[in-house]
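Biologist: Please take me through the second largest pocket of this predicted model. How much space lies in the second largest pocket, which residues lie nearest its centre, and which helices supply its lining?

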Amino acid sequence: MTASEIPARALGWLGGLLLLTGIGMRINNALRFRAELGFDAAGNLQYLEYLQSSWALPSPESMWSASHPPFFYYSAAGLWRGLRSVGLENQLLPVLALILSALGLWVVFLVVTVVRRLDPQDGLRVVVAASLILFLPVHLYMSPMIGEEVLLSLLVSGVLWVAIRPMPQAPSPGEAALIGLLCGLAVLTKLSGLLVGGAVVLSWAWAAVHRGEVRTYLARAALMGVLMLLVGGWFYLHNWYLYGYLYPQDLVIHQSMFSLPPGERSLIDYLRIPLATWTDPQLLNPDLLRSVWGSTYATVFFDGHRHFLPNSVAASRLGGVILALALVPTAAFFVGFVGGLRRALAEPGGRDTLLVLMVVITLAGYATFTWGNPWFVTLKGSYLLVLCLPFAVYASEVLVRWARLPGGRGRAVAACLLVGVVLVVAGFTFGTVFDKRDRGVRKERQSLPPVSAEIGDRPLQISIDGRNR
């Protein structure tokens with residue numbers, strides 16, 4: 001049986017099974033993953049601890065994560081205070097991890113609705129698109145970690161979801177206002193939230209020129225921009241007024257990171273993808289240290305930093321197989337992206353215009369960021385979680401076409417996807433095949449003070465190397 005011959009009922013059962021598996025993995029990981037092992041966990045928890053005593057923004061130099069925009073931290077601290085008021089403060093970490101996992105699943109819902117709107121007759125494409133995010137390793141391992149990446153991914157996906165709906169027509173004032181609100185919250189979550197606002201404005205500008213509706217689009221862009229600045233811009237103006245900069249960079253408190261390898265970047269780092277990407281997918285491998293996209297690939301489709309998986313030979317071997325199988329959806333995404341680019345050129349200001357611009361702007365921003373911050377810890381697939389929606393849209397379009405090829409070619413594509421899902425489920429369901437006790441691949445730890453937080457009657461102290469004290 002080929003992919004095109006799957007009965008609708010069987011496809012529904014398959015989709016339901018995949019959805020339940022993805023949900024079950026996230027619940028398991030939220031309850032079992034040790035939050036102090038996550039990216040910047042000590043600094044993030046220290047920031048949350050501070051907000052228990054004051055809602056005032058701390059100085060960016062006062063603690064590791066204090067320079068981050070505060071939407072996630074205010075929200076998490078509000079949750080902590082709410083739990084404390086009902087005597088459940090000792091449940092903060094699992095509750096927060098469950099909420100973040102639920103936000104990640106909301107991204108899957110947005111993906112499904114967009115793909116259904118684009119291709120309402122193709123149930124297989126809906127299942128494939130949802131699965132691409134449900135079983136995307138970076139989406140799985142970031143879901144239980146205490147940080148802003150999953151929230152940002154949802155906000156950016158929400159912006160794209162709202163903006164796509166009326167295209168190629170101009171958005172209504174209400175839609176422009178909602179986009180501005182979501183963009184503002186994205187900017188208040190992370191500075192890279194600006195990228196989606198830029199993609200929206202550029203796509204509207206292209207449509208305005210092509211359709212001759214400059215005044216309409218200009219009014220919508222102005223409304224969106226004002227709301228975005230009101231909601232998200234105040235934090236940056238606050239920094240500029242008090243400290244003389246809109247966004248802090250190269251702070252003294254972060255200086256321990258400045259000595260991490262490789263310490264510099266060259267053009268060749270953006271051109272080479274070494275064999276170690278598959279044979280030893282951990283970011284301190286000397287070859288991966290000099291490969292931006294190899295390291296990034298190893299952190300999108302595997303845990304190259306090993307904050308979730310152990311830094312073991314068995315994990316590396318599993319990673320090599322998963323990364324080899326992930327070449328199929330990766331290739332499908334780029335083929336789909338080229339198709340989207342052609343449609344964007346044929347219909348300026350349409351849905352593909354926005355999705356293509358989002359991909360280009362995000363990858364360009366990521367390349368610029370990693371050039372200016374040349375340390376292996378800045379090569380993180382989680383920075384690309386904002387591309388969940390365009391990735392699922394373009395990769396699913398091509399994957400279902402490939403899976404329906406006659407003969408063995410279609411079956412081979414389907415087999416790669418199914419085997420990949422099975423291996424990801426086995427490896428990224430925390431505490432089944434792999435447990436985690438060490439912290440990452442870092443040989444030299446960042447020197448941060450321990451975080452001391454009263455959670456219930458039990459004082460929790462978290463050091464940067466991930467050991468409870």
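Modeller: In this predicted model, about 630 Å³ of space lies in the second largest pocket. Its lining is made up of 32 residues, and those nearest the centre are Ser131, Ala414, Leu417, Leu418 and Val421. Turning to the elements behind this lining, at least two residues each are supplied by α1 (8-32), α5 (123-134), α14 (313-325), α17 (388-403) and α18 (408-428), and among these α18 gives the largest share, nine residues. In chemical character, the lining residues of this second largest pocket divide into 27 nonpolar, four polar and one charged.

For context, it may help to set the largest pocket beside this one. About 1,000 Å³ of space lies in the largest pocket, which is lined by 40 residues, with His68, Lys190, Tyr247, Phe369 and Tyr383 the closest to its centre. Two or more residues of that lining come from each of α7 (149-164), α9 (194-211) and α16 (351-372), and it is α16 that provides the largest share, five residues. The lining of the largest pocket comprises 20 nonpolar, 13 polar and seven charged residues, whereas the lining of the second largest pocket, to return to the part you asked about, holds 27 nonpolar residues beside four polar and one charged.

Note on methods: Residues numbered from 1 in each chain as written. Predicted model: local features only at pLDDT ≥ 70, side-chain atom pairs only at ≥ 80, totals over all residues. Heavy atoms only, no water. 1 Å grid on protein atoms, 1.4 Å probe; cavity = no way out; pocket = protein on both sides within 12 Å on 5 of 7 lines; lining within 4 Å. Points joined across faces, edges and corners; volume = space filled by probe spheres on them. Helix = DSSP H or I, 4+ residues; strand = E, 2+ residues; numbered from the N terminus. Nonpolar A, V, L, I, M, F, W, Y, C, P; charged D, E, K, R; others polar.
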